[in-house]
Amino acid sequence: VQLQASGGGLVQAGDSLRLSCTASGRTFSSYVLGWFRQAPGKDRDIVARISGSGSIYFAESVKGRSTISRDNAENTVYLQMSSLKPEDTATYYCAAGGVRAGLLDMEYQYWGPGTLVTVSS
(Lines give C-alpha, C1' and ligand atoms only; values in the text may rest on other atoms or scores of the structure.)
Protein backbone atom coordinates (compact mmCIF):
# COMPACT_ATOMS: atom_id res chain seq x y z
CA VAL A 1 0.00 0.00 0.00
CA GLN A 2 1.31 3.41 -0.94
CA LEU A 3 -0.15 6.50 0.67
CA GLN A 4 0.02 10.10 -0.46
CA ALA A 5 -1.29 12.94 1.67
CA SER A 6 -2.13 16.39 0.43
CA GLY A 7 -3.86 19.55 1.56
CA GLY A 8 -1.33 20.99 3.95
CA GLY A 9 -0.17 24.57 3.84
CA LEU A 10 -0.04 27.85 5.69
CA VAL A 11 -3.28 28.97 7.29
CA GLN A 12 -4.31 31.46 9.92
CA ALA A 13 -5.63 30.66 13.35
CA GLY A 14 -9.33 30.03 13.17
CA ASP A 15 -9.24 28.75 9.62
CA SER A 16 -10.31 25.32 8.42
CA LEU A 17 -8.34 22.80 6.44
CA ARG A 18 -9.03 19.47 4.80
CA LEU A 19 -6.30 16.93 4.39
CA SER A 20 -6.67 14.09 1.92
CA CYS A 21 -4.79 10.84 1.69
CA THR A 22 -5.08 8.57 -1.31
CA ALA A 23 -3.91 4.99 -1.24
CA SER A 24 -3.01 2.41 -3.78
CA GLY A 25 -4.06 -1.19 -3.35
CA ARG A 26 -7.18 -3.25 -3.69
CA THR A 27 -7.93 -3.90 -0.04
CA PHE A 28 -8.21 -0.29 1.09
CA SER A 29 -11.62 -0.83 2.68
CA SER A 30 -10.26 -3.37 5.14
CA TYR A 31 -7.54 -1.16 6.58
CA VAL A 32 -7.69 0.94 9.68
CA LEU A 33 -6.67 4.44 8.66
CA GLY A 34 -5.07 6.94 10.93
CA TRP A 35 -3.93 10.52 10.86
CA PHE A 36 -0.93 11.34 12.98
CA ARG A 37 1.02 14.53 13.47
CA GLN A 38 4.49 15.43 14.60
CA ALA A 39 5.57 18.87 15.68
CA PRO A 40 9.28 19.74 15.72
CA GLY A 41 10.99 18.14 18.67
CA LYS A 42 7.94 16.15 19.68
CA ASP A 43 6.71 12.61 19.29
CA ARG A 44 4.38 11.56 16.53
CA ASP A 45 0.89 11.32 18.01
CA ILE A 46 -2.42 10.16 16.71
CA VAL A 47 -4.96 12.77 15.65
CA ALA A 48 -7.79 10.59 14.40
CA ARG A 49 -8.50 7.01 13.43
CA ILE A 50 -11.23 5.35 11.39
CA SER A 51 -11.72 1.62 11.13
CA GLY A 52 -13.02 -0.35 8.20
CA SER A 53 -16.44 -0.44 9.83
CA GLY A 54 -16.42 3.30 10.41
CA SER A 55 -15.58 3.40 14.09
CA ILE A 56 -13.91 6.72 14.83
CA TYR A 57 -11.50 8.04 17.42
CA PHE A 58 -10.25 11.58 17.93
CA ALA A 59 -7.50 12.83 20.13
CA GLU A 60 -8.77 15.17 22.82
CA SER A 61 -6.80 18.03 21.32
CA VAL A 62 -8.89 18.01 18.14
CA LYS A 63 -12.16 16.51 19.33
CA GLY A 64 -15.16 18.66 18.53
CA ARG A 65 -13.46 20.54 15.70
CA SER A 66 -12.40 17.69 13.44
CA THR A 67 -14.00 15.07 11.27
CA ILE A 68 -12.52 12.02 9.64
CA SER A 69 -14.10 10.15 6.80
CA ARG A 70 -13.18 7.60 4.20
CA ASP A 71 -14.29 6.97 0.65
CA ASN A 72 -13.46 3.37 -0.11
CA ALA A 73 -14.48 3.73 -3.74
CA GLU A 74 -11.86 6.45 -4.14
CA ASN A 75 -9.31 4.88 -1.77
CA THR A 76 -9.18 8.15 0.08
CA VAL A 77 -9.36 9.22 3.70
CA TYR A 78 -10.04 12.79 4.75
CA LEU A 79 -9.30 14.82 7.84
CA GLN A 80 -11.23 18.04 8.18
CA MET A 81 -10.05 20.39 10.90
CA SER A 82 -11.62 23.69 11.87
CA SER A 83 -10.82 26.44 14.36
CA LEU A 84 -7.17 25.75 13.77
CA LYS A 85 -4.71 26.85 16.44
CA PRO A 86 -0.99 27.56 16.28
CA GLU A 87 -0.45 24.40 18.33
CA ASP A 88 -1.91 22.40 15.44
CA THR A 89 1.23 23.23 13.48
CA ALA A 90 2.90 19.95 12.56
CA THR A 91 3.64 17.53 9.79
CA TYR A 92 0.57 15.39 9.31
CA TYR A 93 0.88 11.78 8.24
CA CYS A 94 -1.70 9.31 7.09
CA ALA A 95 -1.18 5.67 7.90
CA ALA A 96 -2.84 2.35 7.23
CA GLY A 97 -2.82 -0.72 9.41
CA GLY A 98 -4.52 -3.99 10.07
CA VAL A 99 -7.75 -4.39 11.98
CA ARG A 100 -5.99 -4.15 15.32
CA ALA A 101 -4.21 -0.90 14.56
CA GLY A 102 -5.03 1.42 17.40
CA LEU A 103 -3.60 4.64 18.72
CA LEU A 104 0.13 4.04 18.46
CA ASP A 105 2.17 4.73 15.35
CA MET A 106 3.98 1.40 15.71
CA GLU A 107 0.70 -0.38 15.03
CA TYR A 108 0.49 0.95 11.47
CA GLN A 109 2.39 -0.72 8.65
CA TYR A 110 2.05 1.80 5.87
CA TRP A 111 2.85 5.50 5.92
CA GLY A 112 2.65 8.42 3.58
CA PRO A 113 5.42 11.02 3.40
CA GLY A 114 3.54 13.66 5.38
CA THR A 115 2.15 17.08 4.63
CA LEU A 116 3.08 20.19 6.59
CA VAL A 117 0.40 22.30 8.22
CA THR A 118 1.46 25.66 9.60
CA VAL A 119 -1.02 27.73 11.58
CA SER A 120 -0.06 31.34 12.09
CA SER A 121 -1.40 33.37 14.98
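Strands are DSSP runs of at least two residues, numbered from the N terminus. In this predicted model, V1 is found in the segment before β1, which spans residues 3–6. V1 counts as partly exposed, because its relative accessibility is 33% and that class lies between the buried limit of 20% and the exposed limit of 50%. Beyond its neighbours within four places in sequence, V1 is in contact with A23, S24, Y31 and Y110. V1 also pairs a long sequence separation with a distance in space: G112 is 111 residues away along the chain, and the two C-alpha atoms are 9.5 Å apart.

T115 is found in strand β11, which covers residues 115–120. T115 has a relative accessible area of 11%. Buried means under 20%, so T115 is classed as buried. The side chain of T115 reaches the backbone nitrogen of G8 at 3.1 Å. G8 is also listed among the contacts of T115 outside its neighbours within four places in sequence. The others are A5, S6, G7, L19, A90, T91 and Y92.

The structure holds one disulfide. It is formed by C21 and C94, with their sulfur atoms 1.9 Å apart. C21 lies in strand β3 (residues 17–23) and C94 in strand β9 (residues 90–97), so the pair ties together parts that are 73 residues apart in sequence. The link of C21 and C94 is right-handed, with 55° about the S-S bond. Both cysteines, C21 and C94, are buried.

Technical notes. Residues numbered from 1 in each chain as written. Predicted model: local features only at pLDDT ≥ 70, side-chain atom pairs only at ≥ 80, totals over all residues. Heavy atoms only, no water. Helix = DSSP H or I, 4+ residues; strand = E, 2+ residues; numbered from the N terminus. Buried < 20%, exposed > 50% of the residue type's maximum accessible area, 1.4 Å probe, protein only. Contact = heavy atoms within 4.5 Å. Polar contact = N/O pair within 3.5 Å; in protein donor to acceptor, adjacent residues only side chain to side chain. Disulfide = S-S within 2.5 Å.
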